[in-house]
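Reader: I would like to go through this model by question and answer, with attention to geometry and contacts. Please take the points in turn.

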Amino acid sequence: MRQAEELFEQTLVNVRGQLAGAVAALESSVHDSELNYGEIFLRDNVPVMVYLLLRGRFEIVRHFLDLCLELQSRSYRTRGVFPTSFVEEDDKILADYGQRSIGRITSVDASLWWPVLCWMYVRASGDTSYGTSPKVQRAVQLLLDLVLQPSFYEPPVLFVPDCAFMIDRPMDVWGAPLEVEVLLFGCLKSCCQLMSLVEGGGHGGPLIQQRLELTRTWMRDLRVYLLNHYWVTSKTMQVLRRRPTEQYGDYQSRNEFNVQPEVIPHWLQEWLDDRGGYLIGNMRTGRPDFRFYSLGNALGSLFGLLTGPQQLALFRLVIHNRHHLMAEMPMRICHPPMDQDEWITNTGMDPKNWPWSYHNGGHWPSLLWPMAAAVLMHQRLYPNDDLLLLGQTRTMLEECYWQQLNQLPRQQWAEYFDGPTGTWVGQQARINQTWTIVGFLLLHHLMRKAPQDVKLLDLDDVGPLRLSFQDQKQQKSSPDERKSFLKNY
Ligand code: GLC
């Protein structure tokens, strides 16, 4: 654990002379000089910021949030968008909104994470004056302008191009991919919490009130929509398979997306078993994506998009498919991988996304902590639920924890793992990847040290938040004090 802590400290970098966040990976080998793993990625910094909050190192988080705020786009086509990553070069901050990235892709998830992190910061630090400050409130409105606007399409989802989130290479994940939609749900929830800080406090006025109502309605509609169209169980599948097709009109339409039963994959029956359930990867006219995406499902549970019983059905599904999803390195990013022909058409023959590799069925250790947090959150909110199932889920998580503890230091905290069992270090994986390191530290914190700290991730909770570090001596984080911080650990 000490080694992980030390490596984590090395990933933190200064911007304008103050710690501002972590680079994506410590390693930069010869052929990496062209790559951007030395930049501060917003998405890779999510576990970093959560971990820093749990340790009471608020100044870094605030500096990170402030820099992101400063970089929120003001350009006429992308107004309100937060950057994918940024870096300080020659005293200037260089940000990437997609204009420099491989394939010139855009990352929608970065923008959706900002309010979530901001709300967590406000709660953990008690710094409500930051939450109510005009710059934060303005940022929230700018972001909402992007989302809550009329479009050609009525459903309350965000329509995005391929590669718009953690999966940032072509994987046929355009349209309304689960991870983006679940993050949108978390984002709207957090925006509501941030706006509520000023509502009625003299700062707000009728405009905030209107915005708040609209955002709440959008959030409710989005949840209903996702539960109707993305949530599947063996029972719902039996109904879906027997639906009529070619239905026109707006009443009694039971197959809105005109899905032909033939597109339902055969693996689904065994995958769902009798009582499992999950959110499918995407819904598009005639072409649902039945692949299982770990992060979207974990966050769907964690953010309370899924009901209590649905969360249990998800845990049951994960246990049932453990040999796929966890295997030798928890956990697989998506299942099943696309094979030869699909790989050719849908990834554009991307050699990094070869079947069982990278985004196409690879195993990412950084994905385990959100699933563990989802389980702990469920236990916190529904302490008397199915004790047998929750016991089994906890046992599985324990074993996954040990697998990571045994493997990750040995495999130098690799970015991802390849193959049907995830045994091999990813063919093009970085080593000392920050979210692998901090993901494990978070897992250790939540499972071993202070499970009650999961309440930080409860976006609905507005009550007083006493985190475990507050029971200890407050940790300091100025550069000179980092060594003593490590010593105290
Ligand atoms: C890869 C991943 C992306 C991550 C980035 C930096 O591009 O696909 O999700 O943010 O590396 O680690």
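**Contacts, ligand shell and backbone geometry**

Author: To begin, in this predicted model the side chains of Ser357 and Asp418 form a polar contact at 2.9 Å.

Reader: Is Ser357 buried or exposed?

Author: Ser357 is located in the loop between α14 (340-347) and α15 (368-381). Apart from neighbours within four places in sequence, its contacts are Lys352, Gly362, Tyr416 and Asp418. The limit for burial is under 20% relative accessible area. At 6% relative accessibility, Ser357 is therefore buried.

Reader: What relative accessible area does Trp356 have?

Author: Trp356 is placed in the loop between α14 and α15. Its phi is positive, near 70°, in a residue other than glycine. Trp356 counts as partly exposed, with a relative accessible area of 28%.

Reader: Which residue other than glycine, in the loop between α6 and α7, has a positive phi of about 70°?

Author: Most residues other than glycine have a negative phi. The residue in question lies in the loop between α6 and α7 and is buried, with a relative accessible area of 4%. The residue with the positive phi of about 70° is Cys163.

Reader: What is the distance in space, C-alpha to C-alpha, between Phe159 and Ala176?

Author: Phe159 belongs to the loop between α6 (134-147) and α7 (178-198). Not counting residues up to four places away in sequence, Phe159 touches Tyr153 and Gly175. Phe159 and Ala176 are 17 residues apart in sequence, and their C-alpha distance is 5.3 Å.

Reader: Which residue is joined to Pro336 by a cis peptide bond?

Author: Most peptide bonds are trans. One cis bond joins Pro330 and Met331, with omega about -5°, and Met331 is in the loop between α13 (322-325) and β9 (334-335). Pro336 lies in the loop between β9 and α14. The cis bond to Pro336, with omega about -5°, comes from His335.

Reader: Which residues around the ligand have polar side-chain atoms at 2.9 Å, 2.6 Å and 2.7 Å from a ligand oxygen?

Author: The residues around the ligand include Ala24, Tyr37, Phe41, Met166 and Trp435. A polar side-chain atom at 2.9 Å from a ligand oxygen belongs to Arg43. For the distance of 2.6 Å, the N or O atom is in the side chain of Asp44. At 2.7 Å from a ligand oxygen, the polar side-chain atom is that of Asp168.

Reader: How much of the ligand's accessible area does the protein cover?

Author: The shell around the ligand consists of 6 nonpolar, 2 polar and 4 charged residues. Among the charged ones, Asp168 places a polar side-chain atom 2.7 Å from a ligand oxygen. Of the 310 Å² accessible on the ligand alone, the protein covers 94%.

Reader: How many of the 18 residues of α4 are buried?

Author: Helix α4 (residues 108-125) spans 27 Å from first to last C-alpha, close to the expected 26 Å. It is followed by Gly126, with a positive phi near 75°. The helix is largely enclosed by the rest of the structure, because its buried residues number 17.

Reader: Which backbone nitrogen does the side chain of Asn14 reach at 3.0 Å?

Author: Asn14 is part of strand β1 (residues 12-15) and is partly exposed, with a relative accessible area of 40%. Beyond its neighbours within four places in sequence, Asn14 is in contact with Leu19, Ala20 and Glu88. The backbone nitrogen reached at 3.0 Å is that of Leu19.

How values were computed. Residues numbered from 1 in each chain as written. Predicted model: local features only at pLDDT ≥ 70, side-chain atom pairs only at ≥ 80, totals over all residues. Heavy atoms only, no water. Near = heavy atom within 4 Å. Polar contact = N/O pair within 3.5 Å; in protein donor to acceptor, adjacent residues only side chain to side chain. Areas by Shrake-Rupley, 256 points an atom, 1.4 Å probe, with all protein chains shown as cover. Nonpolar A, V, L, I, M, F, W, Y, C, P; charged D, E, K, R; others polar. Helix = DSSP H or I, 4+ residues; strand = E, 2+ residues; numbered from the N terminus. Expected span 1.5 Å × (residues − 1). Buried < 20%, exposed > 50% of the residue type's maximum accessible area, 1.4 Å probe, protein only. Contact = heavy atoms within 4.5 Å.
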